[in-house]
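Colleague: I've got a few things to ask about this one. Could you put it up on the screen and talk me through it?

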Amino acid sequence: FKKVTTNSVQEMKQNGEKISMLTAYDFTLAKIIDSAGIDVILVGDSASNVMAGHETTLPITLDQMIYHASSVVRAVERALVVVDLPFGSYQGNSKTALNSSIKIMKESGAHAVKLEGGVEVLTSVRRILTAGIPVMGHLGLTPQSIYKFGTYTVRAKEEEEAEKLISDAKKLEEAGCFALVLEKIPAKLAAKVAKAISIPVIGIGAGGDVDGQVLVLHDMLGMTHEFHPRFLRRYLNLYEDINGAVQNYITDVKSSDFPNEKEQY
Ligand code: KIV
Ligand code: NA
C-alpha cells in the first residue's frame, strides 16, 4: 500500500474518489481503523468530550492533544494523521500558532494540523504554512466558539453567514490550506463550496456533494449513547455490546464459572 499524503488526498478530489476520515485518540483503535484502510485519521479535540468527559472542547490542552496524537501515530502505517490545534493554542497570535504547530509535529510525529475559523485565523494559517506544516481548515459549526454561538445547531442557514463561509473557504484555499472540514451546514451550501474551491472539502453533517466524510469514531461505533444528530450513522452498537459483555463477565466471576480448568496454570 501507499501512504496517504496531503498531495494524494488532493488527487483523490481531482479523480472524484471520496475521502474517508475518522477520528482516533489512542493506539489500539487507530491501529484497527488504519488497517481497515481509512484515508485520514483526525486526532480531534473532540477527545475533550469523548476521552476526557468534558462538556466542550475548550479545556483540552496542547500537551494532552500531543499525548493522544503520539499514541495514534505509533499505530498508523498508511493513513494521513491530522491533529487539531486546541482552543487557545493558535487564536490571536500567529507566533503562538506556529509554535503550537511545531510542538505538535515534533513531539507527536503527525503529518498536519487543523484549526477552526476563517479570516480571523488567516495570519496564523499563513505563518504555520511558512514552516512547511500542512494545515486543514474547519468552518461551519466550530465547537471551540460554542460560547459565541450558544448552541450546536446547524450553521450558515442565513444568507449573510453563508456568504461569509464561502468567502472564508476561498481565503483558506488561497492561503494554502490543503483541505477543509465543513461541519453541520446545509448540504446545498457545502456542495457550492466544494465546487468553488479546488482543495478537498470533507463534510460532517454537510451532505453528500462534498469530497469526503468524517465522523467521530466513538459515535459511529455506537460507543456514545446520548448523542443522536441526524448526520450520525451508527455502524455498531458497542455501548450495548460492551455493557452486555461486562454483565456476562460479572455473572461468570460471581458464579465462579470464570476461570475454568483450561483458563488456569
Ligand atoms: O474534533 C473533531 O472530532 C472534529 C471533527 C468533528 C471534524 O473536529
Ligand atoms: Na475538532
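Modeller: Sure, one term before we start: two residues are in contact if their C-beta atoms, placed from the backbone, lie within 7 Å. This is a predicted model, where local features need pLDDT of at least 70, side-chain atom pairs count only at pLDDT 80 or more, and totals for chains, interfaces and linings use all residues. Residues are numbered from 1 along each chain as its sequence is written, and chains are lettered from A and ligands numbered from 1 in the order in which they are written.

Colleague: Which residues does valine 81 touch, not counting residues up to four places away in sequence?

Modeller: Valine 81 is among the residues that touch the most other members of the largest nonpolar core, which has 73 residues. Such a core is a set of buried Ala, Val, Leu, Ile, Met, Phe, Trp, Tyr and Cys residues joined through C-beta atoms within 7 Å. Setting aside residues up to four places away in sequence, valine 81 touches Ile41, Val43, Val72, Val73, Val76, Ala110 and His111.

Colleague: Where does the UniProt annotation "binding site" fall, and why do its residues gather at one spot?

Modeller: The residues span 70 residues in sequence, yet no two of their C-alpha atoms are more than 12.5 Å apart, so they gather at one spot. The annotation comes from an unreviewed UniProt entry; positions are in the numbering used here, feature names are shortened, and annotations may be inferred rather than shown by experiment. The residues it covers are Asp45, Ser46, Asp84 and Lys114.

Colleague: Is aspartate 84 buried or exposed?

Modeller: Buried means 20 or more other C-beta atoms within 10 Å of a residue's own, exposed means 12 or fewer, and partly exposed is in between, with C-beta atoms placed from the backbone. Aspartate 84 has 29 other C-beta atoms within 10 Å, so aspartate 84 is buried.

Colleague: And lysine 114, buried or exposed?

Modeller: Lysine 114 is in contact with Asp84, and also with residues including His138 and Val181. Lysine 114 has 21 other C-beta atoms within 10 Å, so lysine 114 is buried too.

Colleague: Which backbone oddity joins phenylalanine 258 and proline 259?

Modeller: Omega there is about -5°. What joins phenylalanine 258 and proline 259 is a cis peptide bond.

Colleague: Last one: is serine 256 buried or exposed?

Modeller: Serine 256 has a positive phi, near 65°, in a residue other than glycine. There are 8 C-beta neighbours inside 10 Å, so serine 256 counts as exposed.
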